[in-house]
Structure formats: C-alpha cells, structure tokens
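Got the viewer open? Here is a short tour, with a suggestion at each stop for what to select next.

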Amino acid sequence: MLIRTRKRHHIGENEVTSESVYHARRHFMAGVAGLGMAAALPRSVWAASEYDDVEQGSRPDWFASRLDNTHWKAVAAGENDKLTPFNDATHYNNFFEFGTSKDDPYKHAGAMTTEPWTIEIDGEVARPGTLDMNQLLGEQQLEERIYRLRCVEAWSMVIPWLGVPLSAILKRAEPTSDARYVRFQTLMRPEEMPGQRSRFGLIDWPYQEGLRMDEAMHPLTILSVGMYGRILPNQNGAPVRLVVPWKYGFKSIKSIVRISLVREQPPTAWPTINANEYGFYSNVNPDVDHPRWSQARERRLPNSLFSPNMIDTQMFNGYGDEVASLYKGMDLRKYF
Amino acid sequence: MRLWRCSVFVAALLPFLWWAWQVASGQAGPEPGQYLLLNFGQCALILLLLTLSLTPLMKLTRWKGFALIRRQLGLWSFTYGVLHLTSYLLFILGLDFSALGEDLQRRPYIIVGFAALLMLLALAVTSNRYSMKRLGKRWKFLHRLAYIALALVLLHFFWVVRADMAQWSGYALAGVVLMLLRIPVISRALGRIVPRRGSTRRAPRTS
C-alpha cells in the first residue's frame, strides 16, 4: 500500500500546465487514440517518452523488470523547479574517485564495472548479508522522486530520481536497538578509478558517508538506481546511490558497496579532511556560511554567462516542513 | 624580433579566444561563468610563472628574446587576473558589490587573491619607460613585488584545493624552483653554464 500525503512542495498537475498546453495535449492524445496505439503502449514506453532526449543505457534485468510497475511522479517537481537537462546532470559531476574536475567523472567513469554488483549489509542488524541488486530491491516498487539537489559549492539542479525508500531496505535487515547511525561506503577499485590512484589525494579511500538512524529512516531518504526514466549513469553513482534531498550533495554517497549499522557516529570523508568546513550533518542552511563562501544563495543550473540564475537558498533545501523536526533542540550552527 | 613578439602576443591571446568560443558554442558546460573563472585564474598563474622564468632562461641561454617579452607576459598575466576577478564579480556574485565587500572582510582566500591582483596592478601601471626613469633604482625593488604576488596567488589557490593536491603541488614546485634560481649564488652559477662568447663582456642583467 502506498500512502501519498501531499506536501507543500508538491503541486498538482493542473497547477503547472497552462490551459493551451492542456488542450493541445488532449488534441494530441485524441490523435494517438485514433490510431489505436495509446492503449497498447506499456507504461515503461510511456515513461521513456517523457524523457525522449535521454539515451537509454544498458538495462539489466533487475532494472528493466521493475520499470512497468514504477510509480511515476511519486514526488512531482516544485513550483519553480525546472528539470535540469539530462546532458548537464550527467556531464557536470563531483565524483572524486574519477578526478576533481567537473568533467572528469563523465570522462573516466565509463571504466567502472557495475554488473554484477553486490552490497554488504552488516553491523547492528539481525539479518546481515551480501545482496545482489535484485535481492537489495526485493519486492519494492520503484518510485520517481523529483528532488532539488544543492551542492555545497553553491550550485543546484533538479533531478528526477528512480529509487526506493532506504527505510524499507534497512527494515528488512532488522536493525537492533544498538543501531544509532548508518555508515555507507563507496566502491574501492583503484584500477578503475584514477582518483584513488593519485598520490596527492586528501581523501582516505574508500569514500564514507553517514546518517543518523532517524535521518536514514526518513521517508524522503531514498536509495536511487535510476534517473530520467533510465538506469543511473556511472558518473551519477551507478548502480545504487543515496539521495538525501535536504542535505548538501556530498552526503548522497555514490556507487554504494556497503551499508553498516553502527553504534557511533562514523568518521565520514569530508569532516575527516577538514572539520572546520564540513560537518557531519551538512544540512542545507542559508544561515551558516561555508568558510570560503556564502551559502545564502545558489546558482540553479544550467545558467548562462549573463543570467547566472541566482536564487535564494531555502532552509533544509525547501524540505523543512518534513525534516525540521529531526533537529529540534539542536544548535545547527554547532552541528552544521 | 618583432615577429617573435607578435607570435607571443597571439599565443597569449589564444586561450581567451578558445574559451570564449567554447562558451559561445555551448561547450563550456551548464555553468560557463564558473568555467571561465577557473580557466582565467589558472592562466594568470601560468603566465606569472612563465614571466618569472624568463630571466633565468636568459641567463642560461643568453638569448635576448626572452627579455624582450618579459613585460608583455607580465601584462598578460595581469590581464587574465583581471578577467578572473571580473568573472567572479559578474558570474558568481551577479555584480553584487556588497557581497564582494563581505568577502573582502571575511574570506582569507579572497583577500589574498585580491591583494595579489593589486600588486600586479602596481607592476602593470609602472611597466612603462617613463615610470622606469622616474623610479630609477626603486623600480627594480618595486618589481620584486612579483615574487610576493606569486606567493599570494599560490596561497589563494591552495585554499581552494579540496580533495587532491597534485595540480597545486606542480605549480608550487615550479614557483619554488624559480625563486631558488634567484638566490645570488645559484643565479651566478646559472650564468656560467654556457660560456661567454668572445670578449663581449657585458654584465648579465639581474633581477
């Protein structure tokens, strides 16, 4: 059963579609129906046509078999959130395992082998184990969630993810009462990841991230396996990554190979390098500057030279109604 | 020699034209302002290192061509530095001068970068013959600010590095070598590697 609660950032389709477009669409659909095609189209084809400029990529069984039963637009785009073009979302990435330039991940991530893939779930759980992608997703229905992504570097995008709530997967592993944090780990494979071979790298590979248990169990937190109606491209964290939309992008760890439930707050990658600049929580917060730049505003991508597309950053990236209660009584300047 | 100077001029202009073309043709990614900002900044640093390598090169090879382009390259470094700052103002701050004011009060890496550019400005405006004549001996002293500017630019860059020191280390190593070559003992030794021709015993230029 899927309970859909309408949140303030969701808007109905009738609120975004102008009347003329609506009628044009009716006209078009009537034409299609006249050809007797519409009824024959499986839903996966319908979905793919939503993103008709997007190349499909490989489609392993664990992914393809779930597309027909996907809940599209489970979370729709916000009022002012225009989808970032697929090409930009896949050519402008931070994935330091492949290099520090924005175009390095696109250039080098193709070498990463993602099939087959297994994830280890261990630590404070009653049912630890090593799962393949099919086992990881289980009976879970894929959902499309259109979320804002705010990078700590002050740019942002709007991306339609395909994924499943992390809570469902953690529950299946049966966390014990000692499980207070979740630690995630990225693939460590220097022969396929040039950034891990650098002798001047500051990150202690493999990349690690973490969430507090209540953050991990929050309904907005998902494990994503796709975007734009297709499988995740390697540079976006194939085959499975975390998406935590109210936190800075680096919290949403990519290409996960291990999920451990632990008692203590895990030492995550960025605070380990520089605790003054990056905190464990890293909630999007316009009132707490990064020491090197203001976080009050962000550049929504794509932009152009003379319209930098600057917008005000919202507390918790605009998801405050849902998540602010997680941090009740905490000083967010101290726990930034 | 005129041809040499012209080709250096064209070579220094080319990166600007290349990046401008990339932006115009949509090949600079979803954030072209950031793309220009990073490239202009890096280009200013490379040109500053090249400028500072000309004196040791001239000492080593005794080819006057290196001295002939020193002022030009220095001015190019300043120009790319100005483009770097302009990109920051236009594309990152959206011409919000109060945000620049805030940065200049609070953010050490911006302060240091700005100070380096001010030094290069001082060198640029005194890089003409009139100033050389007017300043006399003080001119050479003033132009040693280039060394301090280089140190500040490297510090500015250092504070921007986040996850990998490889590129920064390369530039810093180049900077250190160029400074070592200016230590008098080493500098004199450098001048003796290639033996002097005939009896033209002109003292090599120092600085």
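Before the first stop, one term: two residues are in contact when they have heavy atoms within 4.5 Å of each other. Keep in mind, too, that this is a predicted model.

**Stop 1: chain B as a whole**

Select chain B and colour it by secondary structure. You'll get eleven helices and zero strands. Among contacts between chain B residues at least 6 apart in sequence, 68% join residues at least 24 apart. The C-alpha atoms fill a box of roughly 60 × 40 × 35 Å along the principal axes. Switch on a surface if you like: chain B exposes about 11,900 Å², with carbon and sulfur atoms supplying 69% of that area. Of its 207 residues, 43% count as buried.

**Stop 2: helix 2 of chain B**

Now select residues 32–61 of chain B, which form helix 2. How far apart are its end C-alpha atoms? They are 41 Å apart, which agrees with the 44 Å that 30 residues should span at 1.5 Å a residue. Run along the helix to B:L54, where there is a kink of about 30 degrees. The proline B:P56 comes shortly after that kink. Then bring the surroundings back: 22 of the 30 residues in helix 2 of chain B are buried, so the helix is largely enclosed by the rest of the structure. Step off the end of helix 2 and you land on B:R62, with a positive phi of about 60 degrees.

**Stop 3: over to chain A**

Hide chain B and show chain A. Here you have twelve helices and 13 strands. Buried residues account for 54% of the 336 residues in chain A. For contacts in chain A between residues at least 6 apart in sequence, the share joining residues at least 24 apart is 73%. Chain A exposes about 15,700 Å², and 51% of that comes from carbon and sulfur atoms.

**Stop 4: strand 12 and its partners**

Select residues 297–300 of chain A, which is strand 12. Add strand 5 (residues 155–165) of chain A, which pairs with strand 12 in the parallel sense over two bridges. Across from A:R299 in strand 12 you'll find A:W155. Now add strand 13 (residues 310–312) of chain A, joined to strand 12 by three bridges and running antiparallel to it. Which residue of strand 13 is the bridge partner of A:E298? Click on A:I311.

Stay on A:E298 and show its side chain. Is A:E298 buried or exposed? A:E298 counts as buried, because its relative accessibility is 2% and the cut-off is under 20%. The side chain of A:E298 makes a polar contact of 2.8 Å with the side chain of A:S156, and another of 2.6 Å with that of A:T313. Expand the selection to what A:E298 touches beyond four places in sequence, and you'll pick up residues including A:R150, A:N309 and A:D312.

**Stop 5: A:R230**

Last stop: jump to A:R230, in strand 9 (residues 230–231) of chain A. A:R230 is another buried residue, at 7% relative accessibility. Look for the backbone oxygen of A:E55, which the side chain of A:R230 reaches at 2.9 Å. Other contacts of A:R230 include A:G57, A:F63, A:F86 and A:L162. To finish, draw a C-alpha to C-alpha distance from A:R230 to A:R127: these two are 103 residues apart in sequence and 31 Å apart in space.

Conventions. Residues numbered from 1 in each chain as written. Chains lettered and ligands numbered in written order. Predicted model: local features only at pLDDT ≥ 70, side-chain atom pairs only at ≥ 80, totals over all residues. Heavy atoms only, no water. Helix = DSSP H or I, 4+ residues; strand = E, 2+ residues; numbered from the N terminus. Buried < 20%, exposed > 50% of the residue type's maximum accessible area, 1.4 Å probe, protein only. Polar contact = N/O pair within 3.5 Å; in protein donor to acceptor, adjacent residues only side chain to side chain. Areas by Shrake-Rupley, 256 points an atom, 1.4 Å probe, with all protein chains shown as cover. Expected span 1.5 Å × (residues − 1). Bend = angle between axes of the 7 residues up to and from the residue. Pairing = 2+ DSSP bridges.
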